[in-house]
Amino acid sequence: MSAPPPTCAPVRLPLPDLDATRALAHVFAGMARPGDAIGLAGVLGAGKTTFARAFVNARAESAGAGPVEVPSPTFTLVQPYDIGGTTVHHFDLYRVDAPEDALELGIEDAFATGISLVEWPDRLGPLMPGDALIVTLIQGARENAREAEIEAGPHWLDRIGGSLDRFRA
């Protein structure tokens with residue numbers, strides 16, 4: 001796996017509150033397919049886990065399942081969720097020192113067969129798939145406000161289309 005540069009210019013979206021962050025996760029949850037990787041970047045406390053929780057629960061809702069408890073995988077490093085015949089893998093690579101360390105977590109299999117949410121995707125270096133969707137969450141002016149910078153790999157461009165228009169200022 002290699003990580004060529006994304007094929008579109010990054011798009012910045014305002015997320016004025018936590019509901020907007022959750023709504024963005026819901027949009028991407030509806031588009032994601034097995035084999036997709038979504039990198040969640042940003043500083044500590046930026047909302048990566050909030051996004052992941054909303055994503056997993058949006059998938060569960062679509063599959064007709066009830067709410068799912070989504071703890072932060074900071075200590076377990078990976079948490080799988082079997083939802084509607086697809087496994088969503090939630091990785092937190094904050095404590096991973098080298099890209100190769102992630103191989104022990106089964107990340108290559110997760111990339112091949114499931115949907116992968118990867119907090120701290122920069123820790124993967126060249127192991128992060130080049131067609132990944134990268135969502136960088138940036139602290140906004142208010143406590144729960146964020147901006148999302150979206151970089152879409154080639155497999156995401158057609159799916160995204162105009163679906164992010166409602167988030168634009």
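## Basis of the report

Buried means under 20% relative accessible area, exposed means over 50%, and partly exposed lies in between, computed with a 1.4 Å probe and with protein chains only as cover. By that scale R22, at 37% relative accessibility, counts as partly exposed. The structure is a predicted model, in which local features need pLDDT of at least 70 and side-chain atom pairs count only at pLDDT 80 or more, whereas totals for chains, interfaces and linings use all residues. Residues are numbered from 1 along each chain as its sequence is written, and side-chain values use heavy atoms, with hydrogens and water left out.

Helices (H or I, at least four residues) and strands (E, at least two) are DSSP runs numbered from the N terminus. Two strands are said to pair if DSSP finds at least two bridges between them.

## Strands β6 and β7

Strand β6 covers residues 133-139, and five of its seven residues are buried, so the strand is largely enclosed by the rest of the structure. Strand β2 (residues 37-41) runs parallel to β6, with four bridges joining the two. On the other pairing, β6 and strand β7 (residues 146-152) run antiparallel and are joined by seven bridges. A hairpin connects β6 to β7 through six residues.

V135 of β6 appears in both pairings: L40 stands opposite V135, and I150 is the bridge partner of V135 in β7. L137 has A148 as its bridge partner in β7. Strand β7 is itself mostly covered, with six of its seven residues buried. In a regular strand the side chains alternate between the two faces of the sheet.

## β1 and the R12 network

Strands β1 and β7 pair in the antiparallel sense over five bridges. Within this pairing, the bridge partner of R12 in β7 is E149.

The structure holds four salt bridges (a side-chain nitrogen of Lys or Arg within 4 Å of a carboxyl oxygen of Asp or Glu). One of them is between E147 and R12, with the closest N and O atoms 2.8 Å apart. Because E147 lies in strand β7 and R12 in strand β1 (residues 11-15), this pair ties together parts that are 135 residues apart in sequence. A salt bridge also forms between E149 and R12, where the closest N and O atoms are 3.5 Å apart. That pair links distant parts of the chain as well, with E149 in strand β7 and R12 in strand β1, 137 residues apart. R12, E147 and E149 are thus linked in a network of salt bridges. R12 is partly exposed, with a relative accessible area of 47%, and E147 counts as partly exposed at 32% relative accessibility.

## A salt bridge within helix α1

R22 forms a salt bridge with D19, the closest N and O atoms being 3.1 Å apart. Both residues lie in helix α1 (residues 18-31), separated by three residues in sequence, about one turn of the helix. D19 is exposed, with a relative accessible area of 54%, whereas R22 is partly exposed. Side chains of opposite charge can pair when their charged atoms come close.

## The β3-β4 hairpin

Strand β3 (residues 78-83) pairs with β4 in the antiparallel sense over six bridges. Y81 stands opposite V88 in β4. The two strands form a hairpin with two residues between them, and G84 in the turn has a positive phi of about 55°.

The loop between α2 (48-62) and β3 contains E69. E69 is exposed, with a relative accessible area of 69%. E69 and T21 are 48 residues apart in sequence, and their C-alpha atoms are 18 Å apart in space.

## Negative surface patch

D97, E100, D101 and E104 gather in a patch of negative charge on the surface. Patches of this kind are made of residues with over 30% relative accessible area and no salt bridge, like charges being joined within 9 Å. The areas come from the Shrake-Rupley method with a 1.4 Å probe, and for residues only the protein chains shown count as cover. Asp and Glu count as negative and Lys and Arg as positive, while His and the chain ends are not counted. The place of a charge is taken as CG of Asp, CD of Glu, NZ of Lys or CZ of Arg.

Of the patch members, E104 lies in the loop between β4 (86-92) and α3 (107-113). E104 is exposed, with a relative accessible area of 72%.

Key
Patch = residues over 30% accessible without salt bridge, like charges linked within 9 Å, V, L, I, M, F, W, Y side chains within 5 Å.
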